[in-house]
Amino acid sequence: MRIVLGVSGGIAAYKAVEVCRRLVDSTHHVTPVLTEAALRFVGAATFSALGSEPVPEGLWSGGIPHTRLGQEADLVLVAPATADLLARYAVGIADDLLTATLLATRAPVVVCPAMHTEMWEHPAVAENLATLRRRGVRVVEPASGRLAGGDVGVGRMAEPETIVAVALAACGPQDLRGRHVVVSAGGTREAIDPVRVITNRSSGKQGHALAAAAASRGARVTLVTSSSLPAPAGVETVEVESASDMQAALQAVASDADVVVMAAAVADFRPKVVADHKGHGVPDLELEPTPDILAGLVAHRRPGQVLVGFAAETDDAVGRARRKLEQKGVDLLVVNDVSAPGAGFDHDTNEVTILESGGGATALPLRSKREVADAVLDKVVARLRGSTGDSA
Ligand code: PMT
């Protein structure tokens with residue numbers, strides 16, 4: 001998703017840095033746009049380093065039409081939004097790049113007011129906000145707490161975590177609202193001794209993209225991950241290392257889940273005995289299979305629960321996966337040919353075929369892992385609607 005992050009001039013601008021980081025971590029494309037006053041509080045270099053592209057210089061430079069950012073955005077988020085910015089937006093003034101972007105966009109807009117209590121309570125601010133709300137702008141209410149200059153009261157900008165969750169919920173379908181989605185991600189690490197492990201090439205990108213996509217579609221998400229990637233915004237994360245850890249963590253949360261997606265690359269085997277000390281020389285390893293986590297989830301699935309497996313194949317991908325779908329008893333199996341260019345392990349893109357129990361196969365050409373995630377969730381939503389007869 002393309003997000004314009006507008007930052008106006010208040011002390012809370014320092015918290016917008018964290019908002020920017022979280023949105024980028026959730027795999028969104030973030031263009032930071034700072035007002036002149038914002039630049040007195042934080043440097044453009046900080047946002048240029050954290051955002052997906054450098055801070056544009058302003059309305060009159062760079063040869064970019066003043067409407068382009070607004071036209072291309074999927075969401076415009078303003079954090080902090082000062083009294084001055086809200087007033088200019090409410091009356092339709094477009095005298096800098098941020099206000100021009102706000103007027104040019106048809107995307108959802110979320111504003112996060114931040115100001116002193118007296119200003120927040122002034123009727124002019126209240127009326128401007130009422131005008132913006134009437135036009136469909138979403139407002140993340142400020143909290144009470146410490147303000148600039150040592151004052152305390154209402155007007156402190158909401159915390160970055162809340163802002164990101166509200167902003168992402170503001171766009172896109174909310175077709176997983178009220179659902180609990182559990183996702184596994186990453187390659188498990190099976191200890192040989194305290195130093196060495198057996199693992200695989202999974203980065204966790206596909207699983208994290210699934211968790212982020214489910215959260216922005218309104219789901220409560222639990223991500224069980226062995227990846228070192230940062231947790232997507234608004235997602236409860238359980239960090240694990242081995243297949244056994246992952247199995248225990250998934251068993252603890254799956255009984256309450258409406259959907260479980262196994263995107264993790266669970267190691268297929270592990271040393272039968274883990275050495276207490278670092279060994280010297282080449283070890284004589286005896287291996288044993290890891291538990292089949294997916295089979296356990298299928299055996300204990302709750303009624304109506306949708307189970308999704310992934311299959312990493314290198315030849316006759318769809319044929320093998322079709323057999324795996326039947327063997328594993330899942331509702332959907334997402335097969336990626338991990339030997340295809342740009343697909344599978346560690347890439348930002350993937351090329352998959354989604355196989356459905358009872359027939360049906362959807363081949364998706366190479367696209368971002370986030371887009372793959374949304375396509376998988378579209379199928380999940382259709383299954384949920386089918387099993388409950390509701391409108392998800
Ligand atoms: O993490 P990335 O770098 O983004 O890469 C993404 C990916 C290639 C890891 C992902 O798209 C993927 O294919 N994940 C599944 C990889 C895999 O383990 O495939 P499999 O065919 O070996 O296993 C089939 C299914 O059984 C998988 O859902 C797997 O999670 C599950 N499984 C496997 C072994 C085991 N012991 N227990 C399991 O539950």
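Helices and strands are here DSSP runs, numbered from the N terminus, a helix comprising at least four residues and a strand at least two. In this predicted model, the loop between strands β17 (332-337) and β18 (349-356) contains D346. The phi angle of D346 is near 70 degrees, a positive value in a residue other than glycine. With a relative accessibility of 45%, D346 counts as partly exposed, because the partly exposed class lies between the limits of 20% and 50%.

D346 is also among the residues closest to the ligand, together with S202, S203, K324 and N336. In total, 28 residues surround the ligand. Polar contacts involve both side-chain and backbone atoms of the protein. In the side chain of S203, an N or O atom is placed 2.6 Å from an oxygen atom of the ligand. An oxygen atom of the ligand is likewise found 2.7 Å from a backbone N or O atom of A264. For I293, a polar backbone atom lies 3.2 Å from a nitrogen atom of the ligand. The ligand taken alone exposes 770 Å², of which the protein buries 95%.

A positive phi also occurs at D316, another residue other than glycine, where the angle is near 45 degrees. D316 is situated in the loop between β16 (306-313) and α12 (317-328). Its relative accessible area of 49% places D316 in the partly exposed class. A further backbone feature is found in strand β3 (residues 75-81), which includes P80. The peptide bond leading from A79 to P80 is cis, and its omega is near -5 degrees.

Strand β3 contributes to the cover of helix α5, whose buried residues are also covered by elements including β1 (2-7), β2 (29-34), α3 (68-72), α4 and β4. Helix α5 spans residues 97-104, and 7 of its 8 residues are buried, so the helix is largely enclosed by the rest of the structure. The buried set consists of L97, L98, T99, A100, T101, L102 and A104.

Helix α7, formed by residues 123-134, has 12 residues. From its first C-alpha to its last, α7 reaches 16 Å, close to the 16 Å expected at 1.5 Å a residue. Five positions are named as its buried residues: V125, N128, L129, T131 and L132. These cover an arc of only 155 degrees around the axis, which puts them on the same side of α7. In general, an α-helix has 3.6 residues a turn, so residues three or four places apart point the same way. The exposed residues E127 and R134 are carried on the face of α7 turned away from the buried side. Cover for the buried residues of α7 includes α4 (83-91), β4 (109-113), α6 (117-120) and β5 (138-139). Just after α7, G136 adopts a positive phi of about 100 degrees.

Helix α6, one of the elements covering the buried residues of α7, contains T117. At 16% relative accessibility, T117 counts as buried, since the buried class is defined by a value under 20%. When residues up to four places away in sequence are not counted, T117 touches L147, V152, G153 and V154.

Note on methods
Residues numbered from 1 in each chain as written. Predicted model: local features only at pLDDT ≥ 70, side-chain atom pairs only at ≥ 80, totals over all residues. Heavy atoms only, no water. Expected span 1.5 Å × (residues − 1). Buried < 20%, exposed > 50% of the residue type's maximum accessible area, 1.4 Å probe, protein only. Arc of directions from axis to C-beta. Contact = heavy atoms within 4.5 Å. Near = heavy atom within 4 Å. Polar contact = N/O pair within 3.5 Å; in protein donor to acceptor, adjacent residues only side chain to side chain. Areas by Shrake-Rupley, 256 points an atom, 1.4 Å probe, with all protein chains shown as cover.
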